[in-house]
Amino acid sequence: SAEARQDVGKGASRRLRRAGESIPAVIYGGGKAPQSITLNVNQLGKAMQSDAFYSQVLSVVIGAETEQAVVRDLQRHPVNERVTHVDFLRVRADQILQVSVPIHFQNEDQCVGVKVGGGSIEHLLNEVEIACLPGNLPEFIGVDLTSLNVGQSVHLSDLVLPEGVTIVALAQGSDHDQSVVSVRAARA
């Protein structure tokens, strides 16, 4: 839930943050004019506890109007890590969007390279930027590490993607096919 904000600018945003109950935000894109809004601190905190908040299409209710949007940017205070501003990007069902989704590594404890080979798993990427229609947006990309052996790695081209989803880096060419995770030999 959000409320439309008429009082805009640096001073107005600071007054909102100082009061402690609201956070300034903006929603833009989708062929409409940008709109300044305020979010409740407690509601935002609860929503942020889910991984899906950062990579899924959200319904932002502004008064009587509901907007479909994704989180484009989240600014935090450098010392206490409190959220100071949120940018939402409106989405349309017929328009491809580019977002970063988290990578979930599965079966790390059953990895052959760790159990048998004595290696260690090295995570090289935690998220990947994808392009898709809003209806095809996955919550995360899963990587199964069960059969990975020492010296082997999983690249972006090896990821299993849902239908209609492409990786942005791979669209730039095969030389952008970087490693996501690898199993390296233990040092003596």
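Two strands count as paired here if DSSP finds at least two bridges between them. That rule applies at several stops of this tour, which goes through a predicted model.

**Whole chain**

Start with everything shown. The chain holds 5 helices and 13 strands. Its radius of gyration is 20 Å, well over the 16 Å that the globule rule gives for 188 residues, so the chain is more spread out than a compact globule. Turn the C-alpha trace onto its principal axes and the spans are about 60 × 40 × 25 Å.

Switch on a surface. The accessible surface of the chain is about 11,000 Å², and carbon and sulfur atoms account for 46% of that area. Of the 188 residues, 34% count as buried. Colour by charge next: there are 16 positive and 21 negative side chains, and the centres of these two sets are 12 Å apart. For contacts between residues at least 6 apart in sequence, 64% join residues at least 24 apart.

**Strand 6 and its partners**

Select residues 83-90, which make up strand 6. Buried means under 20% relative accessible area. By that cut-off 8 of the 8 residues of strand 6 are buried, so the strand is largely enclosed by the rest of the structure.

Add residues 22-29, strand 2, which pairs with strand 6 in the parallel sense over 4 bridges. To see one of these positions, show I27 and its bridge partner in strand 6, F88.

Now add residues 65-76, strand 5. Strand 5 pairs with strand 6 in the antiparallel sense, over 7 bridges. Here Q75 has H85 of strand 6 as its bridge partner. Strands 5 and 6 form a hairpin with 6 residues between them. Which residue in the turn has a positive phi? Click on E81: its phi is about 65°.

While the side chains are displayed, follow them along a strand. In a regular strand, side chains alternate between the two faces of the sheet.

**Strand 9 and its partners**

Hide the previous selection and show residues 127-132, strand 9, together with residues 97-106, strand 7. These two strands run antiparallel and are joined by 6 bridges. Label S100 and E129; the latter, in strand 9, is the bridge partner of the former.

Finish with residues 166-167, strand 12. Strand 12 runs antiparallel to strand 9, and 2 bridges join them. What stands opposite A131 in strand 12? Select T166, which is the residue facing A131 there.

Notes. Residues are numbered from 1 along each chain as its sequence is written. This is a predicted model: local features need pLDDT of at least 70, side-chain atom pairs count only at pLDDT 80 or more; totals for chains, interfaces and linings use all residues. Side-chain values use heavy atoms; hydrogens and water are left out. Buried means under 20% relative accessible area, exposed over 50%, partly exposed in between (1.4 Å probe, protein chains only). The radius of gyration is taken over C-alpha atoms; the globule rule is 2.2 Å times the number of residues to the power 0.38. Contact means heavy atoms within 4.5 Å. Accessible areas come from the Shrake-Rupley method with a 1.4 Å probe; for residues, only the protein chains shown count as cover. Lys and Arg count as positive and Asp and Glu as negative; His and the chain ends are not counted. The place of a charge is taken as NZ of Lys, CZ of Arg, CG of Asp or CD of Glu.
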